Amino acid sequence: MQEPMDNRREENIERWAEEGGPPQLRESLSEIYGSGPAVSRAVDERILGAAREQMARRVRMRWMMRYAIGSVAAAAAVVLIVIRTTHHAQPAAKSGAAMVAAAEDVNRDGKIDILDAYLMARSLAAKEAIAREWDFNHDGIVDGRDVDVIALAAVKLRGEEIR
């Protein structure tokens with residue numbers, strides 16, 4: 001007996017779904033809210049088209065943001081790799097090499113570079129008092145050849161012998 005009632009109930013639910021709900025509920029809702037404005041098919045299609053267009057823009061924007069964030073992350077990784085591979089840590093200097101490096105470091109900035117050679121050449125050209133420890137080629141005279149020793153040391157590549 002239970003089965004025929006269940007079948008009727010399912011048929012009623014399907015019919016109500018097609019018609020817009022049970023008749024008493026439809027009537028009650030119409031009394032409360034009225035029938036609502038009539039919307040033409042063309043207006044309905046335009047609204048649906050605009051909604052689809054807006055959703056497509058949002059989807060495109062999400063993909064663009066994903067690619068942009070991915071691109072920025074990839075670029076940052078490349079920059080870090082380049083910095084990591086091109087930046088060489090200075091090897092620990094031996095005590096004798098540290099004294100030579102400290103002596104050739106004319107401006108005392110912790111590194112021997114072309115600026116040291118420039119400062120020494122400028123002091124020589126201005127005929128300023130020159131310290132005896134600036135005789136880097138050990139010939140007893142502080143002159144342009146000592147500037148050349150600093151300049152060569154500044155441009156010397158690691159492990160390369162200058163002739």
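Student: What relative accessible area does aspartate 139 have?
Tutor: The model is predicted: local features need a pLDDT (the predictor's confidence in each residue, from 0 to 100) of at least 70, side-chain atom pairs count only at pLDDT 80 or more, and totals for chains, interfaces and linings use all residues. Residues are numbered from 1 along each chain as its sequence is written, and side-chain values use heavy atoms, with hydrogens and water left out. Buried means under 20% relative accessible area, exposed over 50% and partly exposed in between, with a 1.4 Å probe and protein chains only. Aspartate 139 counts as partly exposed because its value is 34%.

Student: Which residue forms salt bridges with both aspartate 139 and aspartate 143?
Tutor: A salt bridge puts a side-chain nitrogen of Lys or Arg within 4 Å of a carboxyl oxygen of Asp or Glu. The closest N and O atoms are 3.7 Å apart in the bridge to aspartate 139 and 3.0 Å apart in the bridge to aspartate 143. Shared partners join Asp139, Asp143 and Arg145 into one network. The residue that bridges to both aspartates is arginine 145.

Student: Is aspartate 143 buried or exposed?
Tutor: Its partner arginine 145 is partly exposed, at 48% relative accessibility. Aspartate 143 has 18%, so it counts as buried.

Student: About how many helical turns separate glutamate 45 and arginine 41?
Tutor: These two residues also form a salt bridge, with their closest N and O atoms 3.9 Å apart. Both lie in helix 3 (helices are DSSP runs of H or I, at least four residues; strands are runs of E, at least two; both are numbered from the N terminus). Because they are four residues apart there, the separation is about one helical turn.

Student: How many residues make up the largest nonpolar core?
Tutor: A nonpolar core is a set of buried Ala, Val, Leu, Ile, Met, Phe, Trp, Tyr and Cys residues joined through side-chain atoms within 4.5 Å. Members of the largest one include Trp134, Phe136 and Val147. Helix 5 (114-125) and helix 6 (144-155) each supply at least two residues of this core. The full membership is eight.

Student: Which helix has the lowest mean pLDDT?
Tutor: The protein chain has six helices and zero strands. Its average pLDDT is 79, while the highest helix mean, 90, belongs to helix 3 (residues 41-86). Over residues 93-100 the pLDDT stays under 50. The lowest mean, 54, belongs to helix 4.

How values were computed. Contact means heavy atoms within 4.5 Å.
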